[in-house]
Amino acid sequence: MWKKLLLLLLITIPMVSATDVVLVSDNCADQCVALEVADAINATVITTEWGVYNESLVDEILALNPDKVIIIGGNLAVVENYTTALENAGITVERVGGKDRYETNANVTLRFQNQFRYAYGNNTTACVCHGLDDIALNETMQKIRNRTCLVLLTNGINLSVEPQKLQLRINKVEIVENPLCQLCNYSSLAMKLQRKGLNVAIEKIPEDKVKLMLQNKIKVMERKILMLKRMGANVTDLEEKLNEVKELINQNRYQDAYRVMVQLQGEQMAMVKLHLHPGGHGMAKGIKVPHINHQNANNSQIGVGEVNVSHSHK
């Protein structure tokens, strides 16, 4: 009898190697789903700078001796250099991405929904964040680590995946609201989801915490602009816009500061694409990126304020 039970468990439980690696960029939206996948399949998350190839990260991955590397995000976020280097080293690589962060969120959620169903059970809460709202996404990451929510993105109008279309049983939709995000349109979204019969709650991030997280975003942007400057890029416009963010904060105009910061993030990413992707590559030779640190996922933050941090989920 016990042999039959064991066989049944082996058939029903998703079997994934404990030595898998999830490689993702420091795009907060992609990081959220990377954490979900890593937790569900017992893998290790390694984070790379968005759009930048870091050869030392390949060495970090190979040192873990993985059976497989799952890349989260498109080839602008995690450049194809990684795929080539890993496959040349004999590693199986699977990329799950999309044309933007919303499509990546949808594709990852659908691709791994069986693993998520096993990890979360039949009592899943969907956390909804705007795809451009890094503050709400960072706030949600701890919930992911605690296995208390599955992230779905919104563009302020629609969700990346409608909960009813998932094989998971979604018992609650929790909208993570950043009070500084004017473009998020959370109230209208909540009413729209409630009309569909979903149990919807709004969790508002405390304003003091949001202001602190915005200060951390400034530090991250300063580092990103410095990296571009070292590459020879003209970063005058980026520096001016960052100074505008700081000045707006000094005037206690935090909503305006956050709006400009979101614009600045888009412009910084466009400049990375312009300077590093003309030939489809993520980095010119000789350019150095920040050193990678290792921390345990339960004791560290990934996203705003962090640089190339590897997180163990074993």
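The sulfur of C32 lies 6.2 Å from the closest cysteine sulfur, that of C129, which is too far for a bond. A disulfide requires the two sulfur atoms to be within 2.5 Å. Seen from the other side, C129 is in no disulfide, and the nearest cysteine sulfur to C129 is the one in C32. These positions come from a predicted model. C32 has a relative accessible area of 0% and is therefore buried. C129 also counts as buried, because its relative accessibility is 0%.

The structure does hold one disulfide. The disulfide joins C181 and C184, whose sulfur atoms are 1.9 Å apart, and this satisfies the 2.5 Å cut-off for a pair of cysteine sulfur atoms. The torsion about the S-S bond of C181 and C184 is about 80°, so the disulfide is right-handed. Both partners, C181 and C184, are buried.

The cysteines sit in a chain of 314 residues, of which 54% count as buried. The secondary structure of the protein chain comprises 11 helices and 10 strands. Contacts in the protein chain can also be sorted by separation along the sequence. Among contacts with a separation of 6 or more, 72% are accounted for by residues 24 or more positions apart.

One pair of helices can be followed in detail. Two packed helices are described by the angle between their axes and the distance between the axes. Helix α9 covers residues 207-230 and helix α10 covers residues 236-250. The axes of α9 and α10 come within 11 Å and cross at roughly 165°. That angle makes α9 roughly antiparallel to α10, because angles over 145 degrees count as roughly antiparallel. The crossing of α9 past α10 is left-handed.

The residues that make this contact can be listed for each helix. On α9 they are L214, Q215, I218, M221, E222, I225, L228 and K229. On α10 they are L238, E239, L242, V245, K246 and I249. By class, the residues of the contact of α9 with α10 divide into nine nonpolar, one polar and four charged. The nonpolar residues include L214 and I218 of α9 and L242 and V245 of α10. Q215 of α9 is the polar one, and the charged residues are E222 and K229 of α9 together with E239 and K246 of α10.

How values were computed: Residues are numbered from 1 along each chain as its sequence is written. This is a predicted model: local features need pLDDT of at least 70, side-chain atom pairs count only at pLDDT 80 or more; totals for chains, interfaces and linings use all residues. Side-chain values use heavy atoms; hydrogens and water are left out. Buried means under 20% relative accessible area, exposed over 50%, partly exposed in between (1.4 Å probe, protein chains only). Axes are lines fitted to C-alpha atoms, for helices over the stretch in contact, and angles run from 0 to 180 degrees between N-to-C directions. Helices (H or I, at least four residues) and strands (E, at least two) are DSSP runs, numbered from the N terminus. Angles under 35 degrees count as roughly parallel, over 145 as roughly antiparallel, 65 to 115 as roughly perpendicular and the rest as oblique. A crossing is left-handed if the near helix is turned anticlockwise from the far one by less than a right angle, and right-handed if clockwise. Contact means heavy atoms within 4.5 Å.
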